Amino acid sequence: MMDSGKGRVTRREFVKGTAAMMAASGGGAALFASPGWAGSATAGQEQARRVIIDTDPGVDDALALLLAMRSPELKIEGITPVAGNVPLELTLPNALRLVEIAGRSDIPVAAGARGPLVRRLVTATYAHGENGLGGAVFPDPTTKPIDEPAAEFIRRIVRKYPGEVSLITLGPLTNIATALNLDPELAGMIRGLTMMGGSLSGGNITPAAEFNIYVDPEAARIVFQSGIPLTMVGLDVTRKTSLTDEHVRVLQAAQNPVSQAAAKIGRNAIDHTRERGYLVGPNMHDSLAVAGFLDLSLLKLEPFYVDVETNGELTAGATLGYSPVAGDLRRKPGMEKNAAALNMPIRGAAPTLASRKTSPVLRETWTPNVQVAVDVDARRFFDLLIGRLAGKT
Ligand code: BDR
Ligand code: CA
């Protein structure tokens with residue numbers, strides 16, 4: 001399904017590979033440790049993998065970026081801030097600050113979209129503070145962004161290394177959708193995309209939607225339907241990644257600029273979360289996406305056909321996961337071997353009387369477009385995250 005090194009996964013290989021794995025697993029739940037989607041992660045055994053990180057720092061984005069910049073498995077071609085947790089006027093300098101803290105001013109930072117494709121920006125300052133870093137203050141950056149917009153940068157780098165560049169997205173998908181809109185051939189040249197975004201088990205900003213998808217559902221829909229091999233690291237697993245006081249103590253004890261910055265951001269974020277009345281958290285959503293890209297074995301993945309609700313007045317940004325279990329779209333324990341519904345159609349809402357549509361069927365057969373993380377080894381995740389930030393691994 002996936003050639004090694006520089007190879008790319010074509011749409012046909014993606015579908016074929018998934019079908020083969022479904023068959024091998026009896027059509028049911030499967031633990032995917034194949035490098036096809038998020039990529040394999042055996043440090044030191046492979047060439048560093050080219051990635052672009054799209055992000056809206058963001059407390060958990062900050063730790064995710066520091067993790068990525070401390071990971072020799074990654075060749076970070078660029079960082080593309082987008083409006084999300086806070087406006088671009090803050091996510092851009094925050095990204096530049098983090099690059100400086102990590103001593104990685106060699107990484108190009110390209111300014112992205114100021115707002116979603118067709119909606120007004122909704123931010124998450126309630127969770128990330130007014131400055132996006134949970135109130136943790138760092139000096140103004142002296143590094144400047146490159147003189148190229150994020151979407152054009154993404155397009156140029158992907159075209160420069162066709163089939164080699166993976167995207168890791170930690171915010172709303174506006175920049176990626178804009179790049180795909182600019183260049184219809186681009187999706188076929190992207191090696192894979194690992195996103196923090198979405199949920200098959202309810203949202204965090206509305207009952208239906210996870211924040212990153214909620215902010216720009218139209219962009220998310222473009223990405224989900226693009227044919228890029230997708231790995232979705234959503235709330236289903238990131239809810240299990242609560243940062244603790246002990247993690248912060250370990251970071252504080254490690255005397256290096258990255259661990260000190262991470263400890264400061266983490267301390268503020270924990271305090272802020274407690275002040276809001278939560279006993280646990282904050283969750284390290286975005287770091288888990290980076291960690292999952294680095295080491296796929298941290299996650300249990302299952303293939304789904306996922307689409308995004310863009311019309312709902314209450315449900316826009318919901319990610320709907322279709323899975324092949326006859327008569328029931330949600331897999332249940334004991335139903336793992338039921339492959340009977342591999343050919344089930346994908347249904348949407350019943351057509352209204354006013355519409356010209358007569359059938360709710362959107363697609364005739366079930367074809368997975370996403371590997372969805374359904375479980376995580378949280379202890380190993382934190383070993384990786386805290387270990388790397390503390391400079392121990
Ligand atoms: C996601 O939303 C943002 O607030 C976080 O940074 C993360 O990317 C979690 O829903
Ligand atoms: Ca984020």
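This passage describes a calcium site, the surroundings of ligand 1 and the contacts of one loop residue in a predicted model.

The calcium ion (ligand 2) is held by protein donors from D56, D61, L170 and D286. D56, D61 and D286 contribute side-chain oxygen atoms (OD), with D61 listed twice, whereas L170 contributes its O atom. These donors lie 2.2 to 2.5 Å from the ion. Along the sequence, the donor residues follow the spacing D-x4-D-x108-L-x115-D. D56 is located in the loop between β1 (49–55) and α2 (59–69), and D286 belongs to helix α12 (residues 285–294), so this pair ties together parts of the chain that are 230 residues apart in sequence. Both of these donors are shielded by the protein. The relative accessible area of D56 is 0%, and D56 is therefore buried, the limit for this class being under 20%. D286 also counts as buried, with a relative accessibility of 2%.

Ligand 1 is surrounded by twelve listed residues: D60, D61, N85, H128, L170, M196, N204, E210, F211, N212, H285 and D286. Among them, D61, L170 and D286 also appear as donors of the calcium ion. Three helices, α2, α7 (211–215) and α12, each supply at least two residues of this shell. Polar side-chain atoms approach oxygen atoms of ligand 1 in several places. For E210 the distance is 2.4 Å, for N85 it is 2.6 Å, and for D61 it is 2.9 Å. The protein covers 96% of the 280 Å² of accessible area that ligand 1 has on its own. The space that ligand 1 takes up is the largest pocket.

A further residue, N256, was examined in its loop. N256 is found between α10 (245–253) and α11 (257–275). With a relative accessible area of 16%, N256 is classed as buried, because the class takes in values under 20%. The side chain of N256 takes part in two kinds of contact. One is a polar contact of 3.3 Å with the side chain of R70. The other runs from the side chain of N256 to the backbone nitrogen of V258, at 3.0 Å.

In summary, D61 is a donor of the calcium ion and also has a polar side-chain atom 2.9 Å from an oxygen atom of ligand 1. D286 is likewise a calcium donor and is part of the surroundings of ligand 1.

Conventions:
Residues are numbered from 1 along each chain as its sequence is written. Chains are lettered from A and ligands numbered from 1 in the order in which they are written. This is a predicted model: local features need pLDDT of at least 70, side-chain atom pairs count only at pLDDT 80 or more; totals for chains, interfaces and linings use all residues. Side-chain values use heavy atoms; hydrogens and water are left out. Donors are N, O and S atoms within 2.8 Å of the metal (3.2 Å for Na, K and Ca); water is not among the atoms, so sites may look incomplete. Helices (H or I, at least four residues) and strands (E, at least two) are DSSP runs, numbered from the N terminus. Buried means under 20% relative accessible area, exposed over 50%, partly exposed in between (1.4 Å probe, protein chains only). A residue is near a molecule or strand if one of its heavy atoms lies within 4 Å of it. A polar contact is a pair of N or O atoms within 3.5 Å; within protein, one must be able to donate a hydrogen and the other to accept it, and residues adjacent in sequence count only if both atoms are side-chain atoms. Accessible areas come from the Shrake-Rupley method with a 1.4 Å probe; for residues, only the protein chains shown count as cover. On a 1 Å grid over the protein atoms alone, a cavity is a set of points where a 1.4 Å probe fits but cannot get out, and a pocket is an open set with protein on both sides within 12 Å along at least five of seven lines; lining residues have an atom within 4 Å of a point. A molecule sits in a cavity or pocket if more than half of its atoms lie within 2 Å of its grid points.
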